[in-house]
Amino acid sequence: MPNATNFKALASEWKLVLQALDAFKADLDAKVDSIDDEDKQNEMYDDLERLERLIPDFQAQFDANFK
């Protein structure tokens, strides 16, 4: 993630981004098993894996910069 000081956003706006990532992950997780297209399902699993790495890293950077 780029240095947070390069972005002109309030801490509450960054918190909203984290909440959106969590909501998107939950939505994908709820839908992935019901997808019939195996390629699409594999793409969703890949996205879920990326989000599982991204969200905690992003949260840690948020905490370090804004708390």
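These are my notebook entries on the charges and the fold of this protein.

**Entry 1: the overall picture**

I am working from a predicted model. I began with the secondary structure. The protein has 2 helices and 0 strands. Helix H1 covers residues 11-31, and helix H2 covers residues 38-66.

Next I looked up burial. Of the 67 residues, 19% are buried. The exposed area of the protein is about 5,000 Å². Carbon and sulfur atoms account for 52% of that area.

I then checked how far apart in sequence the contacting residues are. I took contacts with a separation of 6 or more. Among these, 61% join residues 24 or more positions apart.

**Entry 2: salt bridges**

How many salt bridges does a search of the whole structure find? It finds 2. I took them one at a time.

The H1 pair is Lys31 and Asp27. Their side chains form a salt bridge at 3.2 Å, N to O. Both residues sit in H1, 4 residues apart, or about one turn of the helix. I also looked up how open each partner is. Lys31 has 42% relative accessibility, so it counts as partly exposed. Asp27 has a relative accessible area of 35% and is also partly exposed.

The H2 pair is Asp47 and Arg50. Here the closest N and O atoms are 2.7 Å apart. This pair lies within H2, with a spacing of 3 residues, about one turn of the helix. Are Asp47 and Arg50 buried or exposed? Asp47 is partly exposed because its relative accessibility is 29%, which falls between the 20% and 50% cut-offs. Arg50, at 45%, is partly exposed by the rule just applied.

**Entry 3: the negative patch**

I then turned to charge on the surface. Which residues form the negative surface patch? I noted Asp29, Asp33, Asp36, Asp37, Glu38, Asp39, Glu43, Asp46, Glu49 and Glu52. H2 gives the largest share, with 6 residues.

I picked out Asp36 for a closer look. Asp36 is placed in the loop between H1 and H2. Why does Asp36 count as exposed? Its relative accessibility is 79%, and exposed means over 50%.

**Entry 4: recap**

I have two helices on file, H1 and H2. H1 holds the Lys31 and Asp27 salt bridge. H2 holds the Asp47 and Arg50 salt bridge. H2 also supplies the largest share of the negative patch. Asp36, in the loop between the helices, belongs to that patch too.

Terms used
Residues are numbered from 1 along each chain as its sequence is written. This is a predicted model: local features need pLDDT of at least 70, side-chain atom pairs count only at pLDDT 80 or more; totals for chains, interfaces and linings use all residues. Side-chain values use heavy atoms; hydrogens and water are left out. A salt bridge is a side-chain nitrogen of Lys or Arg within 4 Å of a carboxyl oxygen of Asp or Glu. Buried means under 20% relative accessible area, exposed over 50%, partly exposed in between (1.4 Å probe, protein chains only). Contact means heavy atoms within 4.5 Å. Accessible areas come from the Shrake-Rupley method with a 1.4 Å probe; for residues, only the protein chains shown count as cover. Patches are made of residues with over 30% relative accessible area and no salt bridge: like charges are joined within 9 Å, nonpolar side chains (Val, Leu, Ile, Met, Phe, Trp, Tyr) within 5 Å. Lys and Arg count as positive and Asp and Glu as negative; His and the chain ends are not counted. The place of a charge is taken as NZ of Lys, CZ of Arg, CG of Asp or CD of Glu.
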